[in-house]
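Open the model in a viewer and keep the selection panel at hand. The stops below go from helix contacts to charged pairs.

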Amino acid sequence: MSSLSAKSSGVAMFPEFKECRVLIVGLGLIGGSLAAALKKRHVCREIIAWDRDPQSLILAKEKGITDSSADSLEAGVAAADIVVLAVPVLAMAEMVRAVATFNLAGKVVTDVGSCKQDVVVAARECFGDALAGFVPGHPIAGSEKSGITAAKADLYEAHKVIVTPLPENAVGASRLVRSLWESVGALVLEMEVEHHDQVLARTSHLPHLLAFSLVDTLAGDRDSQDIFRYAAGGFRDFTRIAASDPTMWHDVFVANRDALLEALDEFSQGLQHMYAAVEQGDSRAMTGIITRAKSAREHFTRMLESQSYLKSMSSQSSITYVARPGGTATGTLRVPGDKSISHRSIMLGALADGKTEVTGFLEGEDALATLQAFRDMGVVIEGPSDGRVTIYGVGLHGLQAPPGPLYLGNAGTAMRLMAGLMAAQKFDVTLTGDESLSRRPMNRVVNPLREMGAEIETTEGGRPPLVIRGGHQLSGIDYDMPMASAQVKSCLLLAGLYADGETVVQEPGITRDHTERMLSGLGYQVASDGGRVSVQGGGRLTSAEVIEVPSDISSAAFFLVAGSIAKDAELLLSHVGINPTRTGVIDILQLMGADITLENQREVGGEPVADIRVRSAQLKGIEIPEELVPLAIDEFPVLFVAASCAEGDTLLKGAEELRVKESDRIQSMADGLNALGIKAVALPDGMKVPGCTDQGVFAGGTVHSHGDHRIAMAFAVASLRARDDIRILDCANVATSFPNFVDLAHSVGLNLVETES
Ligand code: S3P
């Protein structure tokens, strides 16, 4: 008998996985591959097999993927600690009943079926107390080939396995099933049984059904010979899975009938829309469907997965930067489009009457989340392609209810601005986001919107998701903003477009005014007077035809600091937006003695733009004037790096807003700087940073970005004055605002390597 660990109650009943004897019942592709994988990795004590077909057992022994074959199912179960039922779907419930007649005390049973409900019903009927050890599972791996001859030891590597634990399960049992799959390299996710069957009906069963049906239909066509002879790309790609095992798929369609029919109904409706669009030559409808599908396929796989697989996805695929000393900063570069303006171009372009072309659009995840949200609300948007986006505006009242929650990823701007717009719609909307966004405070927009008559629910403490109930006529308010926030101001102005009367926002300090500028550019009157901004509801937005998005000064900031602190550096940053509500970083760096000049100043689409030249300079520490804080609010992470390379101390106060950004930027930066040997002191509303004039200011070490793009990029810049490598963890979110950061940093001489794990 295997030794038992006796630490905690649930775990105590079951052995450690490495001590387990695993019985695999059914040596098809799935069971055979599991045996092969366990064998190859030597992760359990023994692999026993049982199959109705003695030939398969012999073959498995010959291939060396099993240790022994059971004489009977009963003998196999008696010898095993874990029983894996890997028989066809329609045979699964029967197999569950058969296994239930044996003594299952202290054993764990799992299955691999692609539909779970029938199996669970059968187990509940006959497992009794042994249900504590029955943990259903489903590896999302396969091949159009079937049988033991197709078994592959690497079939599960980096593939997902969905485990659907039952409330009756002992903790130790589900842990053991998790270990089984993780030991063969799979990524284990958990789901509820019913949800599993719904999801699989859409992601697997429906596509197989369509592939079989399409090939069958075309095979019956009188030109089928020609169709198949010349069928390359599209047909072949779309129908690869039509070569899959007929029995298995027949069984799946029978077993998951209800969920599959539901999915098929949804699909038929979609197909009818496409049919009508093609029949009527409705280009706008066709383009809408095609562009929505294309972007969903290309850009949102990750986000869509994050929606349904939130926990496991966020713990996956982490990107680490290794930033090495010895880099330089010389050359000319153009950083990507402004994030704030990109968000607004989609929102206001969608709400304008007519077509708007956007150029210079930031193809970062945040702005793409906004783009997708408007697509989900029925707006036809082409692109982005090389920063070009075409938006077919639907007018202020033309948005449609989205099919599900709008997932906004990491984008605080999207959530706060859209809260204002959504509060005024006729339909309900739920706004959700990633882990970081789900922690950020939303009452700053929810409270004033409620004063305007909106109905919004949040989770505790005013955190997302926001459930916004439609159908409320808003009324204008006169609002004294408690904090200097462009997001709050913009949210209320956007709600104000729909409100009765005037909406007035009084800001305590100047904040970025892109919303006001863009509204004016689209023909909507905005009054602005000494920090008092107002709109009258009930107007309309005319298309500006073209919105040119300048480069983002917040992204340029990393290179303004790089060019200042690196030895013998000179950078020219082209086409950067220098809206006076955003240039705090230039003012602060110049106060610190930076050598920054603005060249070729011009106005582009209502926003001032310049080429910015920066050369190395010995910076000096300063007390940062508080009135500059909102004008440089996103740039402090990299400004703290600059301050570390200055002569004397730098003091920042009045910046408590930094604590509620994508991470607590005061703490994240203080911790990272401390890890690199800088004795920065975090203050409740700022930071004290001691300067250093040595070439090697920063020790090497590991810092955590806390998933915050600007923290990650700031520490990459620090490498220009580091004595050793700086490892920066959790950098994937750089893609939210600056997708080509590593390439551009490289192109001007930074020594930066990206690794994925
Ligand atoms: C933004 C406003 C700022 C800024 C954010 C973008 C905007 O936030 O930090 O990155 O586009 O309006 P607050 O308004 O919360 O200060």
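Select Lys339, Ser342, His343, Ile346, Met347 and Ala350 in α16, then add Asp366, Ala367, Thr370, Leu371 and Phe374 in α17: these two sets of residues meet. By kind, the residues of this contact divide into six nonpolar, three polar and two charged. This is a predicted model. Now show the whole of helix α16 (residues 339-351) and helix α17 (residues 365-376), whose axes come within 9 Å and cross at roughly 10°. Angles under 35 degrees count as roughly parallel, and α16 and α17 are therefore roughly parallel to each other.

Next, select helix α23, residues 584-591. Which residues of α23 are buried? They are Gly584, Val585, Ile586, Ile588 and Leu589. To see what these buried residues pack against, add α22 (553-565), β24 (595-604), β25 (607-615) and α24. Past the helix, pick glycine 593, which follows α23 and has a positive phi, near 95°.

Keep α24 in view and add α26. Helix α24 (residues 636-644) packs with helix α26 (residues 709-718) at an angle of about 20°, and their axes are 8 Å apart. That angle makes α24 roughly parallel to α26. The crossing of α24 past α26 is right-handed. For the side chains, select Pro637, Val638 and Val641 on α24, and Arg710, Ile711, Ala714, Val717 and Ala718 on α26; these residues make the contact. Seven of the contact residues are nonpolar, none is polar and one is charged.

Turn now to charged pairs. How many salt bridges does the structure hold? The count is 38. Three of them are picked out below.

Start with aspartate 67 and lysine 39, whose side chains meet in a salt bridge with an N to O distance of 2.3 Å. The two residues lie in distant parts of the chain, 28 residues apart: aspartate 67 is in the loop between α3 (54-63) and β3 (68-69), and lysine 39 is in helix α2 (residues 29-41). Are these partners buried or partly exposed? Aspartate 67 counts as partly exposed because its relative accessibility is 29%. Lysine 39, with a relative accessible area of 27%, is partly exposed too.

Move on to arginine 444 and glutamate 657, a salt bridge in which the closest N and O atoms are 2.8 Å apart. Here 213 residues separate the partners, with arginine 444 in helix α19 (residues 443-451) and glutamate 657 in the loop between β26 (650-652) and α25 (665-675). Buried means under 20% relative accessible area. Arginine 444 has 12% relative accessibility, so arginine 444 counts as buried. Glutamate 657, at 16%, also counts as buried.

The last pair is arginine 665 with glutamate 662, a salt bridge whose closest N and O atoms are 3.0 Å apart. Arginine 665 counts as buried at 1% relative accessibility, and glutamate 662 counts as buried at 7%. To finish, widen the selection to Arg440, Arg512, Asp634, Glu662, Arg665 and Asp708, which salt bridges with shared partners join into one network.

Conventions:
Residues are numbered from 1 along each chain as its sequence is written. This is a predicted model: local features need pLDDT of at least 70, side-chain atom pairs count only at pLDDT 80 or more; totals for chains, interfaces and linings use all residues. Side-chain values use heavy atoms; hydrogens and water are left out. Axes are lines fitted to C-alpha atoms, for helices over the stretch in contact, and angles run from 0 to 180 degrees between N-to-C directions. Helices (H or I, at least four residues) and strands (E, at least two) are DSSP runs, numbered from the N terminus. Angles under 35 degrees count as roughly parallel, over 145 as roughly antiparallel, 65 to 115 as roughly perpendicular and the rest as oblique. A crossing is left-handed if the near helix is turned anticlockwise from the far one by less than a right angle, and right-handed if clockwise. Contact means heavy atoms within 4.5 Å. Ala, Val, Leu, Ile, Met, Phe, Trp, Tyr, Cys and Pro count as nonpolar, Asp, Glu, Lys and Arg as charged, and the others, Gly among them, as polar. A salt bridge is a side-chain nitrogen of Lys or Arg within 4 Å of a carboxyl oxygen of Asp or Glu. Buried means under 20% relative accessible area, exposed over 50%, partly exposed in between (1.4 Å probe, protein chains only).
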